[in-house]
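Dear colleague,

I am passing on the structure we spoke about, and below it you will find my notes on what turned up when I went through it. Please read them with the sequence and the model open beside you.

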Amino acid sequence: MNTAHPRAEDMNPAGIVTRGAAAVVDLTVVAILMGSLYVGSVFVRLLFDPQSFTFSSPAAPTSISALIVISIGYLTLCWATTGRTVGAAMMGIRLVTPRRGFARWPLAALRAVLCVLFGFGLLWVAVDRRRRSLQDIVLRTSVVYDWSRTPPVIDPHSVPGQ
C-alpha cells in the first residue's frame, strides 16, 4: 500500500456509495459506543445497589439525545484529528478543506452538527457533478479518496492548482 500523500489535483471526490457505506460503519460505531455506555451504567448501578437492582429500559428522549451527542462528538473528534472516521478509513476516504488539509475543531464540530441533524444532505452527492453533499457546499469541504494513513501535510499558505 502506498502511504505517500497524493497531490491535491490527484484527490478524487468520493461518491454516494462509498460515503454511504462509511456512514453505515460510523453509525455502527456510534451504536457500539451507546451500548457500552448503557452497559457501563448498568454495572455502576449494580455495584452500588445490588439488592434492588433491575434492568431498566432507557427512555426514548434520552436515547435520541445520547445518539445525537455521541454522534456529534465522534464525528468532530475524528474529523479534527485525522480527517477520517472509522468508516472513512475502511473506505479509503478523508474529509479535507479547500486547501486539502484537515478541518480544524470549529469547522469539524459545525460539520458534525450539520451532518447529524441534516443527514439527508448526503444524498445531494448523487446529483452534484463535483460529488458534494449539502454540508460540503455550505462549509466548502470535500470528501476525497485518500488511502494514506496520516493526514496530508499541506502548506497553509499554498492554494491547490498554483
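**Buried charges and their partners**

At 1% relative accessibility, Arg 94 counts as buried, and I begin with this residue while reminding you that the model is a predicted one. The partner of Arg 94 is Asp 146, with which it forms a salt bridge whose closest N and O atoms are 2.8 Å apart. Because Asp 146 lies in the segment after E2 and Arg 94 in strand E1, the pair ties together parts that are 52 residues apart in sequence. Asp 146 is likewise buried, with a relative accessible area of 2%.

Asp 136 and Arg 111 form another salt bridge, and here the closest N and O atoms are 2.5 Å apart. This pair, too, links distant parts of the chain, since Asp 136 sits in helix H5 and Arg 111 in helix H4, 25 residues apart. Asp 136 has a relative accessible area of 1% and is buried, and Arg 111, with a relative accessible area of 3%, is buried as well. These two residues do not stand alone, for Arg 19, Arg 111 and Asp 136 are linked in a network of salt bridges.

A further salt bridge joins Asp 128 to Arg 132, with the closest N and O atoms 3.2 Å apart. Asp 128 counts as buried at 14% relative accessibility, whereas Arg 132 is partly exposed, with a relative accessible area of 22%. The count for the model comes to 4 salt bridges.

**Helix H1**

Does the length of H1 agree or disagree with what its residue count would suggest? Helix H1 covers residues 16-48, and at 1.5 Å a residue its 33 residues should span 48 Å; the end C-alpha atoms are 48 Å apart, so the two values agree. The buried residues of H1 are Thr 18, Arg 19, Ala 22, Asp 26, Val 30 and Val 42, and Arg 19 is the one that you have already met in the salt-bridge network. These buried residues pack against helix H2 (60-81), helix H3 (86-91), strand E1 (93-96), H4, H5 and strand E2 (142-145).

**Aromatic pairs and a nonpolar patch**

The count of aromatic pairs comes to 2. In one of them, Phe 53 and Phe 55 are arranged edge-to-face, at 5.1 Å centre to centre and with 75° between the planes. Phe 55 counts as exposed, at 64% relative accessibility. Phe 118 and Phe 120 also form an edge-to-face pair, at 6.1 Å centre to centre and with 85° between the planes. Of these two residues, Phe 118 is partly exposed, with a relative accessible area of 41%, while Phe 120 counts as exposed at 54% relative accessibility.

Phe 118 and Phe 120 also belong to a nonpolar surface patch of about 790 Å², which they make together with Leu 117, Leu 123, Trp 124, Val 127, Leu 134 and Ile 137. Within that patch, Leu 123 is found in the loop between helix H4 (105-117) and helix H5 (134-139), and Leu 123 is exposed, with a relative accessible area of 58%.

With best wishes

Notes: Residues numbered from 1 in each chain as written. Predicted model: local features only at pLDDT ≥ 70, side-chain atom pairs only at ≥ 80, totals over all residues. Heavy atoms only, no water. Patch = residues over 30% accessible without salt bridge, like charges linked within 9 Å, V, L, I, M, F, W, Y side chains within 5 Å. Areas by Shrake-Rupley, 256 points an atom, 1.4 Å probe, with all protein chains shown as cover. Salt bridge = Lys/Arg side-chain N within 4 Å of Asp/Glu carboxyl O. Helix = DSSP H or I, 4+ residues; strand = E, 2+ residues; numbered from the N terminus. Buried < 20%, exposed > 50% of the residue type's maximum accessible area, 1.4 Å probe, protein only. Expected span 1.5 Å × (residues − 1). Contact = heavy atoms within 4.5 Å. Phe/Tyr/Trp six-rings, centres within 6.5 Å; stacked < 30°, edge-to-face > 60°.
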